[in-house]
Amino acid sequence: MQSQCVTDGMPPDFLEDDAVAAWTASGAPLVDLLRQAHTPGRLTGFRRGGRAAVLVAEPRHVHQVLGVGGERYVKRSHRARPLLGDGMLTATGEAWRSQRKLLQAMFTGRGIQRWEHHIEGAAARVVERWAERARLGEPTDIAEDVQFFTVDTIWRSLTDRPLDQETYVDLAAVQDIVAALPADVGGAAALPPAVEAAIAALDERMLRALADARVRHRTEGHGPGPARTSGPSVLDRLLDAAGTDPAYTDRLIRDELVTLLVAGYESSARTLTWAFVLLDAHPEVMERAAGDGPAVEAVLCETLRLYPTGWLLPRHSPDDQALDGWAIPAGTDLLVCPYLTHRDPEVWPEPEVFDPGRFPARSPLPPGAYLPFGIGPRACLGTRFAMREMEVLLGALLGRFTVETTGPASEAVFGVNLRPAGPLHARVRERT
């Protein structure tokens with residue numbers, strides 16, 4: 001049977017150009033268009049600026065695009081390339097395979113054990129901060145606290161050094177850079193001058209860390225020293241690679257460091273903030289999770305279902321393909337949307353309800369139904385690292401403190417990631 005064409009054959013749920021133009025003119029976020037377009041179980045085609053695009057939200061379609069089709073549907077252009085350069089997230093083809101292979105052993109399997117003391121050290125700083133806030137009766141900004149924790153954790157892992165305040169200011173500017181990036185590959189490429197300046201400051205910080213590490217690398221070697229207890233840092237590993245592979249220039253090492261920084265703190269910080277937003281609205285869940293590791297993990301899994309940081313995963317079809325009987329012409333963009341996939345009522349009953357009891361799942365989920373860290377060959381390398389750091393901090397805080405927010409819940413901002421808008425002020429008290 002001849003395949004129907006998603007963009008030329010116009011299936012019943014195809015959005016005409018005038019509907020898309022009206023949405024664009026309204027200034028509404030992209031998620032509004034995707035919600036309007038989405039019909040459970042179906043593909044939706046539309047055109048933006050003359051380009052054909054297909055919304056992919058049905059689990060079986062997600063699995064076909066990201067899982068079994070991971071080599072056929074590629075990243076045409078990464079939205080974060082102005083920030084990440086040629087790091088692992090933006091790299092393609094053989095360069096990506098080589099870069100991923102170098103870092104994979106450090107963030108998978110037993111490799112993440114080398115970061116345990118860094119995670120615990122960073123978590124202890126936040127616990128101390130909250131204890132002081134509780135003693136003084138002063139509110140704290142949870143969004144800022146968890147961001148400091150995740151930046152501290154990844155910085156220790158990258159450099160084997162704890163985070164200082166001056167470095168934190170430069171690294172935390174990443175959130176402003178990410179916020180200025182387009183939500184999908186069809187967005188504007190120009191960045192505001194302030195963002196360009198923030199990238200320049202970040203570059204300077206990374207190159208300074210590289211120069212310091214190169215001195216230590218030559219003088220200390222790889223043996224345990226006063227500040228090293230579990231093997232070489234990520235930066236040490238990259239410097240080793242530079243000694244044998246000419247591809248690892250200072251620029252590529254910078255790109256890899258920034259990529260790992262963004263991947264290592266943005267998603268975890270946003271997820272932890274969303275977790276506290278949800279727990280504040282469900283105090284009974286907060287009490288159940290206090291001191292209960294499996295319950296903490298379930299809270300995080302459900303938070304990631306409702307608020308997957310990577311809410312939109314654009315792909316591109318460089319060749320003619322077929323997807324579930326529909327022809328996908330070469331040049332079509334595919335917008336995989338975990339945010340909608342995670343709200344499929346066929347998989348998730350009462351999908352808008354926060355219910356950590358969904359996890360662990362009582363029966364296997366359909367392939368492609370749950371993908372907070374992606375699936376397939378380009379799934380997030382740091383999934384276990386991210387889950388471990390979030391479990392450690394959330395478990396430590398809930399086990400010792402009660403939390404009550406003092407302001408309204410944050411609104412969701414659908415940019416290059418899904419983040420809460422603004423701070424999250426709360427009062428914390430020591431449990432008795």
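Author: A nonpolar core is a set of buried Ala, Val, Leu, Ile, Met, Phe, Trp, Tyr and Cys residues joined through side-chain atoms within 4.5 Å; buried means under 20% relative accessible area, exposed over 50%, and partly exposed in between (1.4 Å probe, protein chains only). The structure is a predicted model, in which local features need pLDDT of at least 70 and side-chain atom pairs count only at pLDDT 80 or more, while totals for chains, interfaces and linings use all residues. Residues are numbered from 1 along each chain as its sequence is written, and side-chain values use heavy atoms, with hydrogens and water left out.

Reader: Which residues touch the most other members of the largest nonpolar core?

Author: They are Leu-34, Trp-130, Phe-276, Trp-311 and Leu-394, in a core of 65 residues. Another core, of 53 residues, lies apart from it and includes Ala-91, Trp-96, Tyr-265 and Val-416. Of the 432 residues of the protein, 53% count as buried.

Reader: What makes the pair Asp-86 and Arg-81 a salt bridge?

Author: A salt bridge requires a side-chain nitrogen of Lys or Arg within 4 Å of a carboxyl oxygen of Asp or Glu. The N to O distance between Arg-81 and Asp-86 is 2.8 Å, so the pair satisfies the limit of 4 Å. The whole structure holds 26 salt bridges.

Reader: Why is Asp-86 called neither buried nor exposed?

Author: Its relative accessibility is 44%, so Asp-86 counts as partly exposed. Its partner Arg-81, with a relative accessible area of 34%, is also partly exposed.

Reader: What does the salt bridge between Asp-203 and Arg-251 tie together?

Author: The N to O distance of this salt bridge is 3.9 Å. Asp-203 belongs to helix α10 (residues 193-220) and Arg-251 to helix α12 (residues 250-281), so the bridge ties together parts that are 48 residues apart in sequence. Helices (H or I, at least four residues) and strands (E, at least two) are DSSP runs, numbered from the N terminus.

Reader: Is Asp-203 buried or exposed, and why?

Author: At 16% relative accessibility, Asp-203 falls under the limit of 20%, so this residue counts as buried. Arg-251, at 45%, is partly exposed.

Reader: How far apart along helix α10 are Arg-208 and Glu-204?

Author: They are four residues apart, so about one helical turn separates them. Their side chains meet in a salt bridge of 3.3 Å, N to O. Elsewhere, salt bridges that share partners join Asp-203, Arg-251, Arg-254 and Asp-255 into one network.

Reader: What is the order of the open sheet of three strands?

Author: The order is β4-β12-β9, with antiparallel pairing; two strands pair if DSSP finds at least two bridges between them.

Reader: Why do β4 and β9 stand at the edges?

Author: Each of β4 (140-141) and β9 (401-405) has a single partner strand, so one side of each is left without a neighbour in the sheet.

Reader: How do you know that β9 and β12 pair?

Author: Five bridges join β9 and β12 (residues 425-430) in the antiparallel sense, so the requirement of at least two is met. The bridge partner of Phe-401 is Glu-430, in β12. Helix α6 (residues 116-136) packs on the sheet, touching β4, β9 and β12, and its direction makes about 85 degrees with that of β12. Such angles run from 0 to 180 degrees between the N-to-C directions of axes, which are lines fitted to C-alpha atoms, for helices over the stretch in contact. Helix α16 (residues 383-400) lies across β9 and β12, at about 95 degrees to β9.

Notes:
Contact = heavy atoms within 4.5 Å.
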